[in-house]
Amino acid sequence: MLAGMHLLLSGIVGSVAYGLAGPGSDVDRIGVFAAPTVAFHGLRPPRESVVTTDPDITLHEAAKWCRLALSGNPTATELAWLPQDCYETRTEFGDRLVAIRSAFLSAPRVRDAYLGYAGQQFRKLESRGDGTFSADTRRRTAKHARHLARLVHQGRLLYATGVLEIRLADPEWFRGFGERVAGGALDEARALVAEAERDFDRIRTPLPDRPDEATVERWLLDVRAAHLPPGRARRAAD
């Protein structure tokens, strides 16, 4: 799957990391890899992402992951904030990426990304009616509702503190919320989104207006230099 590529950082994300996993939950993984630097110079640039569904793994090339994280993408961002027991691969560059994780954050992008993703989840819920549907659809609806609540909670906390909480302190509340919404309590989900929007308006965030792209750029250029062929790496260092 990653022939010629170098995995820098990877871990288990999703419901397992959040503490929301049940008996039938999938195990989702995400990672960052570096393509050989010379591969970008040819006719066919390396793939930016590799995705498989059995098992569920998403891997992004270093520059692609950086762009996603700089945009506030919640799924990409959480890789740099995982609990220690969720990491499966940590290289020197992976550790450095974790160390600069705050450099990717900015107030407007966090707000837009988390509220935007929460809004997507709400629209999925809204399209499913009043809860009078099959058991399988009800399970999926409960899952979407849990993710809606989780995105709202994580985004609000990240915006208020500059810290992304991955493992939820009270997973049972999120499970209960999901079941209530799946049973037809759509107004509770609507109220949660509206409350989050008000909170984002009133919170005095410590996040900057813009991410620290210079720090991110230094990390990425170091990755590129390290993945040159040995002779070229020495010349680049000179």
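**Two domains and two helix pairs**

In this predicted model, helices H5 and H6 cross in a left-handed manner. H5 covers residues 107-126 and H6 covers residues 135-161; their axes come within 9 Å of each other and cross at roughly 165°. Angles over 145 degrees count as roughly antiparallel, so H5 is roughly antiparallel to H6.

Plenty of side chains can be named where these two helices meet. On the H5 side, the contact takes in Ala-107, Val-110, Arg-111, Tyr-114, Tyr-117, Ala-118, Gln-121, Phe-122, Lys-124 and Leu-125. Facing them from H6 are Thr-141, His-144, Ala-145, His-147, Leu-148, Leu-151, Val-152, Gln-154, Gly-155, Leu-158 and Tyr-159. Sorted by class, the residues in this H5-H6 contact come out as 13 nonpolar, six polar and two charged.

Stepping back to the whole chain, the assignment splits it into two domains. Domain 1 is made of two stretches, 6-104 and 211-224, while domain 2 runs through 107-202. Measuring from C-alpha centre to C-alpha centre, domain 1 and domain 2 lie 24 Å apart.

The domains also touch: 20 residues of domain 1 are in contact with 17 residues of domain 2. Between domain 1 and domain 2, about 1,600 Å² of area is buried, and carbon and sulfur atoms give 59% of that. Within domain 1, the residues that lose the most area to domain 2 are Tyr-18, Leu-20 and Trp-81, which together make up 42% of what that side buries.

A second helix pair is worth a look. Helix H2 (residues 62-70) packs against helix H9 (residues 213-226) at an angle of about 170°, with the two axes 10 Å apart. That angle makes H2 roughly antiparallel to H9. The crossing of H2 with H9 is right-handed.

From H2, the residues in this contact are Ala-62, Ala-63, Cys-66 and Leu-70. They meet Glu-213, Val-216, Trp-219, Leu-220, Val-223 and Arg-224 of H9. Split by class, the H2-H9 contact has eight nonpolar and two charged residues, with no polar ones.

One last detail concerns the backbone. The peptide bond joining Asp-54 and Pro-55 is cis, with omega at about 10°. Pro-55 sits in the loop between strand S3 (49-53) and strand S4 (56-61).

How values were computed. Residues are numbered from 1 along each chain as its sequence is written. This is a predicted model: local features need pLDDT of at least 70, side-chain atom pairs count only at pLDDT 80 or more; totals for chains, interfaces and linings use all residues. Side-chain values use heavy atoms; hydrogens and water are left out. Axes are lines fitted to C-alpha atoms, for helices over the stretch in contact, and angles run from 0 to 180 degrees between N-to-C directions. Helices (H or I, at least four residues) and strands (E, at least two) are DSSP runs, numbered from the N terminus. Angles under 35 degrees count as roughly parallel, over 145 as roughly antiparallel, 65 to 115 as roughly perpendicular and the rest as oblique. A crossing is left-handed if the near helix is turned anticlockwise from the far one by less than a right angle, and right-handed if clockwise. Contact means heavy atoms within 4.5 Å. Ala, Val, Leu, Ile, Met, Phe, Trp, Tyr, Cys and Pro count as nonpolar, Asp, Glu, Lys and Arg as charged, and the others, Gly among them, as polar. Domain bounds come from an automatic or database domain assignment. Buried area is the accessible area (1.4 Å probe) that two parts lose on being put together, summed over both.
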